[in-house]
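I opened the notebook to record what I looked up in this structure, entry by entry. The entries go from a sheet to two helices and then to the aromatic rings.

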Amino acid sequence: MKVKTILVSQPEPKVENSPYHDLEERQRVKIDFVPFIHVEGVDAKEVRHQKVDLSQFTAIILTSRNAVDHFFRIAEEMRYKIPDSLKYFCQSEAVAYYLQKYVVYRKRKIYVGKRTFPELSPLIKKYKNEKFLLPSSDQLKPLIPNTLDGLKVDWKQAVFYKTVVSDLSNLRDVFYDILVFFSPSGIKSLFENFPDFKQNDTRIAVFGNSTIKAAEEHGLVCNIQAPTPETPSMTMALKKYIQEANKK
C-alpha cells in the first residue's frame with residue numbers, strides 16, 4: 001500500500017533544514033507532528049519531600065535541556081541563590097550550549113561530555129570528591145545510576161519533572177498510513193488514549209530496541225525500524241520504505 005500520510009509522535013522540529021521537511025517535499029507525503037507525551041515540572045514542595053537541599057550539593061549533572069530548565073525553575077521556586085562555584089557536568093555540547101540561557105558561560109565551571117552518559121563519566125570521576133545532584137524525570141534509564149554507582153561518587157537523584165501522557169482525543173477519527181514512535185512512552189500513550197487501537201493497514205515505524213520491544217508487547221507489527229547499518233536515522237528508514245511502497 002502506498003504511503004501518503006505520516007504522523008510523528010514528537011514536536012515538530014524547529015530547524016529550517018529538518019530532514020523531515022526534505023522527506024515531505026521529495027517523497028510528496030504529508031507529515032504531521034503531534035507529541036504523544038510531554039513533560040510537566042513537579043513543584044518545590046514535592047522536591048523537598050524527596051529530602052533535597054540544593055545548598056548541600058557542589059555539582060549538578062545535566063543530561064538534557066529539560067533537566068536544565070527544571071533545575072533553574074526549582075532553584076527559583078525555592079529562592080535558592082545558585083553559587084558561582086557550582087560545577088555543571090553536561091552530557092553533551094547541546095546541553096552545555098543550552099545552559100547559556102541561564103548562566104554566563106565563561107564565568108562558570110562547566111564540564112562537557114561528548115554525547116552519551118558513559119562518555120561523561122571520566123569527567124565526573126576526575127572530580128569524585130564533589131557532591132553531585134542529578135535532576136531528572138521520573139523515567140530514568142538504569143544506565144545512569146548504574147554508571148554513577150560504579151564511579152563510587154557521592155550523588156543523589158531527584159525527580160524535578162515527569163513524563164506525562166498527552167491527550168490525543170482529537171486524533172480519534174484521524175488515520176495515517178504510518179505512525180512513528182521514538183520511545184516506549186509513546187507506545188504507552190497510544191494505548192492509554194485508544195485502548196481499542198487496531199493496527200490494520202497502518203504501518204508502524206519505531207526507533208530503538210526498547211521501543212520495538214514495547215510495540216511488540218502491545219501486539220503491533222513493526223514495519224519500519226531504525227537505527228540499522230543501512231538506515232541509521234528514522235528519516236532514512238522512512239525514505240527507503242516510502243520509495244519501495246510508492247513505486248508499486
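**Entry 1: strands**

I began with a single bridge and found that Ile-178 has Arg-203, in β10, as its bridge partner. I was working with a predicted model throughout. Looking along the two strands, I found that β9 and β10 pair in the parallel sense over four bridges.

I then asked in which order the strands of the open sheet lie. The order I read is β2-β1-β9-β10-β11, five strands with parallel pairing. At the edges I found β2 (30-33) and β11, each of which pairs on one side only. I also noted the turn between neighbouring strands of this sheet, which is 20 degrees on average when direction is ignored.

Lying across β1 (5-8), β9, β10 and β11 I found helix α9 (residues 234-246), which runs at about 140 degrees to β11.

**Entry 2: helix α8**

Which residues of helix α8 (residues 209-217) are buried? I listed Thr-211, Ile-212, Ala-214 and Ala-215. Seen down the axis of α8, these buried residues fall within an arc of 165 degrees, so I could place them along one face of the helix. On the other side of α8 I found Asn-209, Lys-213 and Glu-217 exposed. I kept in mind the general rule that an α-helix has 3.6 residues a turn, so residues three or four places apart point the same way.

Next I looked up what covers the buried residues of α8, and the cover includes β9 (178-181), α7 (184-193), β10 (203-207) and β11 (222-226). Just after the helix, I noted that Gly-219 takes a positive phi of about 80 degrees.

**Entry 3: helix α6**

I repeated the search for helix α6 (residues 143-151), where the buried residues are Ile-144, Pro-145, Thr-147, Leu-148 and Leu-151. They cover an arc of only 160 degrees around the axis, which puts them on the same side of α6. The exposed residues that I noted on the other side of α6 are Asn-146 and Gly-150.

Against what do the buried residues of α6 pack? I found β4 (59-62), α5 (117-126), β7 (131-137) and β8 (154-165). Just after α6, I recorded a positive phi of about 60 degrees at Lys-152.

**Entry 4: aromatic rings**

How many aromatic pairs does a search of the whole structure find? I noted eleven. One of them is the pair of Phe-72 and Tyr-102, which is stacked, with 4.4 Å centre to centre and 0 degrees between the planes. Phe-72 lies in helix α3 (residues 65-77) and Tyr-102 in the loop between α4 (93-99) and β6 (109-112), so I read this pair as tying together parts that are 30 residues apart in sequence.

I also checked how accessible the two residues are: Phe-72 is buried, with a relative accessible area of 10%, whereas Tyr-102, at 33% relative accessibility, counts as partly exposed.

Another pair I looked up is that of Phe-191 and Phe-197, which is edge-to-face, at 5.9 Å centre to centre and with 90 degrees between the planes. Both Phe-191 and Phe-197 are buried.

Last, I returned to the stacked pair and found that Phe-72 and Tyr-102 belong to one aromatic cluster with Phe-71 and Tyr-88.

Definitions and conventions
Residues numbered from 1 in each chain as written. Predicted model: local features only at pLDDT ≥ 70, side-chain atom pairs only at ≥ 80, totals over all residues. Heavy atoms only, no water. Buried < 20%, exposed > 50% of the residue type's maximum accessible area, 1.4 Å probe, protein only. Arc of directions from axis to C-beta. Contact = heavy atoms within 4.5 Å. Phe/Tyr/Trp six-rings, centres within 6.5 Å; stacked < 30°, edge-to-face > 60°. Pairing = 2+ DSSP bridges. Axes fitted to C-alpha atoms, helices over the stretch in contact; angles between N-to-C directions.
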